[in-house]
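Open the structure in your viewer and have the selection tool ready. We will go from stop to stop, and at each one I will tell you what to select and what is there.

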Amino acid sequence: MSYKRKIEFKEKYVQVDIGGEVDIQSELETWKKIRKECEKHKCYNVLGITIKNTNPFGVLEAYEYPKILEEAGIDSKYRIVWVNEDPEVYKLGKLAVIVMRNHGMGYSCQTFPNVSDAKKWLLEK
């Protein structure tokens, strides 16, 4: 399955749906497009949803995330939440969040196994 992404503004956040074969380069390109969409709408809340990932990132790739976000121009003004319904991918997402918080640029980020909890966290101030 090839890499697929859909990025759209949804009034209070930018929603990103991704699936397929994910790699570091495709992630970097996606985050650059997310930044452009956020800047266009002056909205820095990002809700990501992994639809179906045929090759999820492993532990080592989780440590690449701060570098990917920095290179894409994503900084601490962004509030990022990601939904991974697959339990194994969710665990890796939790690791990525820890890495982003500890080794990133002060990112406000979280991951959830469902969309409703993710939206609640993203939109609470």
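This tour of a predicted model visits a helix, its neighbour and a pair of cysteines.

**Stop one: helix H3.** Select residues 65-72, which make up H3. Which of them are buried? Colour Tyr65, Pro66, Ile68, Leu69 and Ala72, as these are the buried ones. Now look down the axis of H3: the buried residues fall within an arc of 160 degrees, so they line one face of the helix. Turn to the face pointing away from that buried side, and you will find Lys67, Glu70 and Glu71, which are exposed. Just past the end of H3, click on Gly73, where phi is positive at about 90 degrees.

**Stop two: where H1 meets H3.** Keep H3 in view and add helix H1, residues 24-41. The two axes come within 8 Å and cross at roughly 45 degrees, and H1 and H3 are therefore oblique to each other. Their crossing is right-handed. To see the contact, show Ile24, Glu27, Leu28, Trp31, Lys32 and Arg35 on the H1 side. On the H3 side, show Tyr65, Ile68, Leu69, Glu71 and Ala72. Tyr65 is thus both buried and part of this contact.

**Stop three: two cysteines.** Select Cys38 and Cys43. Why is there no bond between their sulfurs? The sulfur of Cys43 is the closest cysteine sulfur to that of Cys38, but at 6.2 Å it is too far for a bond. A disulfide needs the sulfurs within 2.5 Å, and the count of disulfides is 0. Cys38 is buried, at 0% relative accessibility, and Cys43 is buried as well, at 10%.

Conventions
Residues are numbered from 1 along each chain as its sequence is written. This is a predicted model: local features need pLDDT of at least 70, side-chain atom pairs count only at pLDDT 80 or more; totals for chains, interfaces and linings use all residues. Side-chain values use heavy atoms; hydrogens and water are left out. Buried means under 20% relative accessible area, exposed over 50%, partly exposed in between (1.4 Å probe, protein chains only). Helices (H or I, at least four residues) and strands (E, at least two) are DSSP runs, numbered from the N terminus. The arc is that of the directions from the helix axis to the C-beta atoms. Axes are lines fitted to C-alpha atoms, for helices over the stretch in contact, and angles run from 0 to 180 degrees between N-to-C directions. Angles under 35 degrees count as roughly parallel, over 145 as roughly antiparallel, 65 to 115 as roughly perpendicular and the rest as oblique. A crossing is left-handed if the near helix is turned anticlockwise from the far one by less than a right angle, and right-handed if clockwise. Contact means heavy atoms within 4.5 Å.
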